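Thanks for coming. I'll take a few minutes on one structure and go through its parts in turn.

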Amino acid sequence: MATEFQTFNEDLSLTSQTDCEKSARGILAKLRPEWTSSEIKFEYFSVGITNKIFSAGFGTEHVIFRVFGHNTSKVIDRENEVTAWRQLAEHGFAAPLYGKFNNGLICGFLEGKSLKIEQMRDSRFHMNIAKRIAQLHASVPTNGKTLVFEKMQEFLRQLDPKFEDAKKQEFFEKHFPKDLVAEIEKVEKLVIKSKEPVAFCHNDLLVHNIVFNGETKRIEFIDYEYAFPNYALYDIANHFCEYAGVEGTPDYTKCLTKDEKWLFINDYLHFKDSKNHCDVRMKAMYKHLPLFEATAHLFWAIWALVQAQNSTIDFDYLTYAHARYEQYEKRFQKYIRTISQH
C-alpha cells in the first residue's frame, strides 16, 4: 500500500451521499489505483458533533475519510492537525495519514470499535485507558510549552457577542459573564502556579475517540483534531469530564467517583514513571485535579459558543456550552475550597 502523502483538489459533500461517494471514488482512483471502483464499499459511522466519517473498503483493505463540518476551521487548526497526526503516527499513536482533500483527510483504518459509555465506566477498561494515556505522554516529544490558553483566546476572537437569534442572545447574556477573557486569565494564573508537567496530549478523550481492539485487547486513540502540547493532568481531567456523555445534555452524575479517579491516577503514574511514582506526586495531582477539570470545561464551553454561531450541524451547542460552563464554575470553586483548607 502506498504511504506517500498526497493532496487532492476535491470537495466531498456533507449533504449528498451520492455526490460524496462519487468524489471519494475519484480520489481513490489516484490513491489506490489497484482498487476496482465499482467494488468499493462504503460504511458510515459518524459519531462526532463536527465531522462526517466513513470508510471505503476493497477486499480486506480499508481507508477512512474524515469530512470536516462547515466552519470548523474557526475552532480547529487544520495545519496543526496534520502536523500532529503525522508526528503521532511516527510514534505509533495514530493511524497513517495518506492524504488530504479540500475539506478533509484520508487515513488508515484502526481495527476495533469505539467504546460505549457503559464500557468506559467499566473499571476493567480504566487501567488500559490510563496506560495508553501514560504511553502517549511519555513517548511524543514537546518543547514544554502548552497552547491551551492560547487556543481559548483564539476561540474567543471568533465569538461575536451578538447572536442573530434574539432568544439565543437572551440565553447567552443570562448564563455567561460579559468578560470571558477574565475567566481564562483567572484560571491560567492558578494553572501556571500548579507547576504540573507538560506533555503531548490528545485533549479530546471522549468515548468516541477511544477504540478497543477485542482481539489484541489494546486501547487506541483516534481523532487528533485538538492534539497539542498541554498539561498532562489536563488530558486526564478532560477524560474524566467525558464520562457524562456527549449525546444530548451531559449527565455529570455519571462521572467517576473520587476513589475511581484516585485509582486511575495511580495507574497512570505507574505506567508513565514507575520509578518516581510516590504518594506525594499522587496527592499533588489529585489536589490540582478540580482545577484542570475546570479548565477543560471552560475550554469546551467557549468552543461550543463559537460552534453555536457557526456550525450547520443539528446540535444544541448553546445548551451544551451552558452545561460545560456550569461545571467549570463548580469545579473551580471546588479547587478554591481545597487550596484554602491547606
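The protein splits into domain 1, residues 6-108, and domain 2, residues 113-341. Keep in mind that this is a predicted model. Taken over C-alpha atoms, the centres of domain 1 and domain 2 lie 26 Å apart. As for contacts between them, 22 residues on the domain 1 side meet 28 residues on the domain 2 side.

Next, the sheet. It is an open one, built from 6 strands with mixed pairing, and the order across it is β1-β5-β6-β4-β3-β2. The edge positions go to β1, residues 6-8, and β2, residues 41-44. Each of these has a single partner strand, so one side of each has no neighbour in the sheet. From one strand to the next, the twist averages 25 degrees.

Within that sheet, look at β5, residues 97-101, and β6, residues 104-108. These two run antiparallel and are joined by 4 bridges. One residue pair to pick out is Phe-101, whose bridge partner in β6 is Gly-104.

Now the packing. Which residues touch the most other members of the largest nonpolar core? They are Leu-88, Leu-115, Ile-129, Tyr-268, Phe-299 and Trp-303, in a core of 97 residues. The most to this core comes from helix α10, residues 279-310, which gives 17 residues. The core also draws on both domains, with at least three residues from each of domain 1 and domain 2.

Take Leu-115 as an example. Leaving aside residues up to four places away in sequence, Leu-115 touches Met-120, Phe-125, Ile-129, Val-207, Ile-210, Phe-212 and Ile-219. Ile-129 therefore appears twice here: it is a contact of Leu-115, and it is listed with Leu-115 among the residues touching the most other core members.

There is also a second, separate core, of 18 residues. Its members include Phe-8, Leu-31, Ala-56 and Ile-106.

Last, the cysteines. How many disulfides does a search of the whole structure find? The count is 0. For Cys-241, the nearest cysteine sulfur belongs to Cys-255, at 6.5 Å. A disulfide needs the two sulfur atoms within 2.5 Å, so a pair at 6.5 Å does not qualify.

Is Cys-241 buried or exposed? Its relative accessibility is 4%, and the cut-off for buried is under 20%, so Cys-241 counts as buried. Cys-278, at 34% relative accessibility, counts as partly exposed, because that class covers values between the 20% and 50% limits.

Key
Residues are numbered from 1 along each chain as its sequence is written. This is a predicted model: local features need pLDDT of at least 70, side-chain atom pairs count only at pLDDT 80 or more; totals for chains, interfaces and linings use all residues. Side-chain values use heavy atoms; hydrogens and water are left out. Two strands pair if DSSP finds at least two bridges between them. Axes are lines fitted to C-alpha atoms, for helices over the stretch in contact, and angles run from 0 to 180 degrees between N-to-C directions. Buried means under 20% relative accessible area, exposed over 50%, partly exposed in between (1.4 Å probe, protein chains only). A nonpolar core is a set of buried Ala, Val, Leu, Ile, Met, Phe, Trp, Tyr and Cys residues joined through side-chain atoms within 4.5 Å. Domain bounds come from an automatic or database domain assignment. Contact means heavy atoms within 4.5 Å.
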